[in-house]
Amino acid sequence: MPSPVETAIRSVVTKGIMGVAGFNRAHRKSSAPNPYLTGIHQPMEAEYTLTDLKVTGTIPPALNGLYLRNGPNPFSPPNPATHHWFVGDGMLHGVRLEGGKALWYRNRWVRSPQISQALGEPPAPGPRTPAGSESPNTNVVAMAGRIWALVEAGGLPVEVSDTLETRARSDFGGLLRQGYTAHPHLDPLTGETHAICYTGQNQTTIWHTVITAEGAVRRHEPIAVQNGPSIHDCMITRNYVIVMDLPVTFSMAALIGGASFPYRWNPKHTARIGLLPREGKGSDILWCDVEPCYIFHPANAYETEDGKVIMDACVHQDMFMDGNTGPNGSICAFESLEIDPAARAVTRRIIDDAPQEFPRPDERRIGQPYRYAYTVALPAQGDPSFLGDPRLFKHDLGTGTRQVHDFGPGCMPGEFVFVPAHETAAEDEGWLIGYVIDTASDTTCLVILNAQDFTGPPVASITLPHRIPPGFHGNWVPLG
């Protein structure tokens with residue numbers, strides 16, 4: 001533990017660095033428009049509550065709940081020369097479905113202290129942290145009976161209501177004071193939620209965190225790392241938590257230069273994947289070297305009978321080579337990574353070499369053998385925000401085949417989530433739900449597909465009379 005004197009020195013140095021970074025960020029100029037502030041990414045300027053929604057087709061009556069999606073939407077115009085897509089203020093978009101009807105659409109900014117002040121509202125209660133974003137903009141999940149807006153790198157979870165109103169920031173009684181993650185994973189067999197967490201201000205430690213079904217943090221285990229790796233996601237199996245320590249790391253040079261997202265590709269950082277025993281110490285982790293790459297999102301992982309671990313993921317060959325405004329790595333493929341804890345080796349195999357991202361399985365199969373994964377197609381060349389191709393893919397990992405749903409020219413789907421038709425439904429017996437932007441009309445539809453008739457027409461489409469800017473992750477929250 002650092003001494004009081006060392007802590008004081010670090011505090012002064014950090015304030016000095018942040019002061020220089022802030023000055024450079026404010027004074028950097030660029031003649032080129034920022035692609036994440038214009039066109040399809042142009043932020044929404046108001047919050048809406050819409051109750052008269054046009055529905056095409058028939059909404060399945062079994063869908064009683066809320067589809068939510070989170071994404072960045074700057075409240076005040078940022079400096080276009082330094083604005084990065086990943087740091088915009090969080091905005092939630094939700095559609096309430098019940099009894100075969102679309103009851104409403106709402107969009108709401110997650111209330112950071114700055115947004116509350118700008119709107120003339122009292123600040124949301126709860127602790128604050130200097131280490132990360134106070135307006136989580138990346139994911140929104142149901143956990144322990146409540147709904148949480150999430151971000152990584154030191155930001156705290158923010159609880160929101162089922163009408164998208166901000167309730168409070170939480171560090172779970174001080175146990176998450178270093179922040180949380182954008183991608184927790186519920187173990188359907190235990191009811192516990194696992195996460196790998198990191199903060200931008202600590203380059204030598206990450207944490208494995210477990211939250212019980214009742215909402216208590218029962219484990220917050222430190223794991224030693226180097227260089228401050230950006231760990232966007234993780235995955236679990238029956239015995240392990242999978243940790244992806246890959247060559248995107250904190251860059252002091254980028255921070256001092258004014259970058260609002262100071263992470264860069266670091267070829268000197270060893271690429272490795274760790275298998276942490278779920279109840280083990282951080283020192284028990286089994287590190288396995290892998291060819292340099294970067295993974296935002298795994299689909300799922302499981303263990304084989306001979307003790308190996310299989311993780312399927314969308315794998316980029318590199319990422320954030322400069323990273324000034326958004327993701328700019330090479331096109332990725334959908335791969336299967338075989339991790340051998342005995343040999344400490346990783347073998348990569350391409351499942352599908354078409355560019356794609358945002359993989360999602362049936363969440364009831366997390367950590368277990370599974371058959372289907374759904375991904376969003378990416379253009380070979382086009383919008384760098386993982387958009388621009390009108391197709392979704394359904395991968396049958398049992399047969400090695402792929403089906404395609406094409407929304408048509410000018411349509412841009414985001415991540416789709418699978419919702420089972422009932423508790424005992426088969427793995428693809430249910431619906432896929434997500435937003436699709438129509439660039440010709442500048443509108444958005446919440447689209448519901450029959451997962452077993454993947455190439456067929458949508459079961460239902462709910463038209464929203466405006467464009468929802470591209471965002472990140474969404475989930476279905478059952479209600480009532």
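Let me begin with a single residue, D306, which is exposed, with a relative accessible area of 54%. Before I go further, please keep in mind that what we have in front of us is a predicted model. D306 is the partner of K308 in a salt bridge, where the closest N and O atoms are 3.1 Å apart. K308, by contrast, is buried, since its relative accessible area is 19% and the cut-off for buried is under 20%. As general background, side chains of opposite charge can pair when their charged atoms come close.

That pair belongs to a longer list, because a search of the whole structure, counting a side-chain nitrogen of Lys or Arg within 4 Å of a carboxyl oxygen of Asp or Glu, finds 23 salt bridges. I will take two more of them slowly, beginning with R111 and E47, whose side chains meet with an N to O distance of 2.5 Å. What parts of the chain does this pair link? R111 sits in the loop between strand 5 and helix 2, while E47 sits in the loop between helix 1 and strand 1, so that distant parts of the chain, 64 residues apart, are linked. R111 is buried at 9% relative accessible area, whereas E47, at 28%, counts as partly exposed. The pair is also part of something wider, as E47, R111 and E121 are linked in a network of salt bridges.

The next pair is R108 and E165, whose side chains meet in a salt bridge at 3.1 Å, N to O. R108 lies in strand 5 and E165 lies in the loop between strand 8 and strand 9, and therefore the pair ties together parts that are 57 residues apart in sequence. Is R108 buried or exposed? With 10% relative accessibility, R108 counts as buried, and its partner E165 is partly exposed, with a relative accessible area of 35%.

Let me turn now to the cysteines. A disulfide is a covalent bond between the sulfur atoms of two cysteines. How many disulfides does the structure hold? The count is zero. Take C234 as an example: the nearest cysteine sulfur belongs to C197 and is 8.2 Å away, whereas a disulfide needs the two sulfur atoms within 2.5 Å, which is why C234 is in no disulfide. C234 is also buried, with a relative accessible area of 1%. C411 is likewise in no disulfide, and the nearest cysteine sulfur, that of C445, lies 7.9 Å away. C411 is buried too, with a relative accessible area of 14%.

From side-chain pairs I move to empty space inside the protein. There are four cavities of 30 Å³ or more, and I would like to look at the second largest cavity, which holds about 50 Å³ of space. Its lining includes Y36, H41, N73, H83 and W85, together with several prolines, among them P43, P72 and P469. Sorted by class, the lining of this second largest cavity has seven nonpolar residues, three polar residues and no charged ones.

I will finish with Q356, which is placed in strand 24, a run covering residues 356-361. Q356 is buried, with a relative accessible area of 0%. What does its side chain contact? The side chain of Q356 makes a polar contact with the side chain of D352 at 3.1 Å, and the side chain of Q356 also reaches the backbone oxygen of A354 at 2.8 Å.

Conventions:
Residues numbered from 1 in each chain as written. Predicted model: local features only at pLDDT ≥ 70, side-chain atom pairs only at ≥ 80, totals over all residues. Heavy atoms only, no water. Helix = DSSP H or I, 4+ residues; strand = E, 2+ residues; numbered from the N terminus. Buried < 20%, exposed > 50% of the residue type's maximum accessible area, 1.4 Å probe, protein only. 1 Å grid on protein atoms, 1.4 Å probe; cavity = no way out; pocket = protein on both sides within 12 Å on 5 of 7 lines; lining within 4 Å. Points joined across faces, edges and corners; volume = space filled by probe spheres on them. Nonpolar A, V, L, I, M, F, W, Y, C, P; charged D, E, K, R; others polar. Polar contact = N/O pair within 3.5 Å; in protein donor to acceptor, adjacent residues only side chain to side chain.
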